[in-house]
Amino acid sequence: MDAINEVHVSEPGLVVVDVAAADDETAFAFQTALAARWATTSVGRTTRDPGQPGVRLRCYLDLRQPLNAPGQASTLR
């Protein structure tokens, strides 16, 4: 995976999540669970490391923006 960019963790509440899973379905299920709770970047594909089992996925969360309802960010800060 690429190095974590300083801007991704430049403030409290910003999180980089690296996921290692057995398959795409599991990795995307975990990302969906995170996205149901916090403002999360959408990732359309996983990566595979040659010679390593499973898949990897990276997403970015903003814990400062909790969701009111599935898929809807809160307007309060």
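**Entry 1: the overall layout**

Before counting anything, I noted that helices (H or I, at least four residues) and strands (E, at least two) are DSSP runs, numbered from the N terminus. I also reminded myself that this is a predicted model. With that rule in hand, I found one helix and four strands in the protein chain. Going along the sequence, I read the pattern as β-α-β-β-β.

Next I looked up burial and found that 25% of the 77 residues in the protein chain are buried. I then turned to contacts with a separation of 6 or more, and 54% of these in the protein chain join residues 24 or more positions apart.

**Entry 2: the helix**

How far apart are the end C-alpha atoms of α1? I worked with 1.5 Å a residue, so the twelve residues of α1 should span 16 Å, and the end C-alpha atoms are indeed 16 Å apart.

Then I asked myself which residues of α1 are buried. I found A27, Q31 and L34 buried there. They cover an arc of only 55° around the axis, so they lie on the same side of α1. On the other side of α1, I noted E25 and T32 as exposed.

I also checked the start of α1, where a side-chain oxygen of D23 comes to within 3.4 Å of the backbone nitrogen of E25.

**Entry 3: one buried residue of the helix**

I picked Q31 for a second look, and it belongs to helix α1, which covers residues 24-35. Why does Q31 count as buried? Its relative accessibility is 8%, and buried means under 20%.

What does Q31 touch, once neighbours within four places in sequence are set aside? I listed T41, S42, V43, L57 and C59 as its contacts.

**Entry 4: the loop between β2 and β3**

I moved on to T46, which I found in the loop between β2 and β3. Is T46 buried or exposed? I put T46 down as buried because its relative accessibility is 14%.

The side chain of T46 makes a polar contact with the side chain of D24, at 2.5 Å. Apart from neighbours within four places in sequence, I saw T46 in contact with D24, A27, F28, V55, R56 and L57. One of these, A27, was already in my notes as a buried residue of α1.

T47 sits in the loop between β2 and β3 too. I wrote T47 down as partly exposed, because its relative accessible area is 28%. From T47 to D24 the C-alpha atoms are 9.1 Å apart, with the two positions 23 residues apart along the chain.

In this loop, which runs between β2 (38-40) and β3 (55-69), I also found G54. Leaving out residues up to four places away in sequence, G54 touches A21, A22 and R48. I looked up G54 against A27 as well: they are 27 residues apart along the chain, and their C-alpha atoms are separated by 9.6 Å.

**Entry 5: rings and charges**

Last, I searched for paired aromatic rings. How many aromatic pairs are there? I counted zero, taking rings of Phe, Tyr and Trp to pair if their centres lie within 6.5 Å.

A ring does turn up in another kind of arrangement, though. I found the charged end of R37 over the ring of W38, 5.8 Å from the centre of that ring.

How values were computed. Residues are numbered from 1 along each chain as its sequence is written. This is a predicted model: local features need pLDDT of at least 70, side-chain atom pairs count only at pLDDT 80 or more; totals for chains, interfaces and linings use all residues. Side-chain values use heavy atoms; hydrogens and water are left out. Rings of Phe, Tyr and Trp (its six-membered ring) pair if their centres lie within 6.5 Å; planes under 30 degrees apart count as stacked, over 60 as edge-to-face and the rest as tilted. A charge sits over a ring if NZ of Lys or CZ of Arg is within 6 Å of the ring centre and within 35 degrees of the ring normal. Buried means under 20% relative accessible area, exposed over 50%, partly exposed in between (1.4 Å probe, protein chains only). Contact means heavy atoms within 4.5 Å. The expected span of a helix is 1.5 Å times one less than its number of residues. The arc is that of the directions from the helix axis to the C-beta atoms. A polar contact is a pair of N or O atoms within 3.5 Å; within protein, one must be able to donate a hydrogen and the other to accept it, and residues adjacent in sequence count only if both atoms are side-chain atoms.
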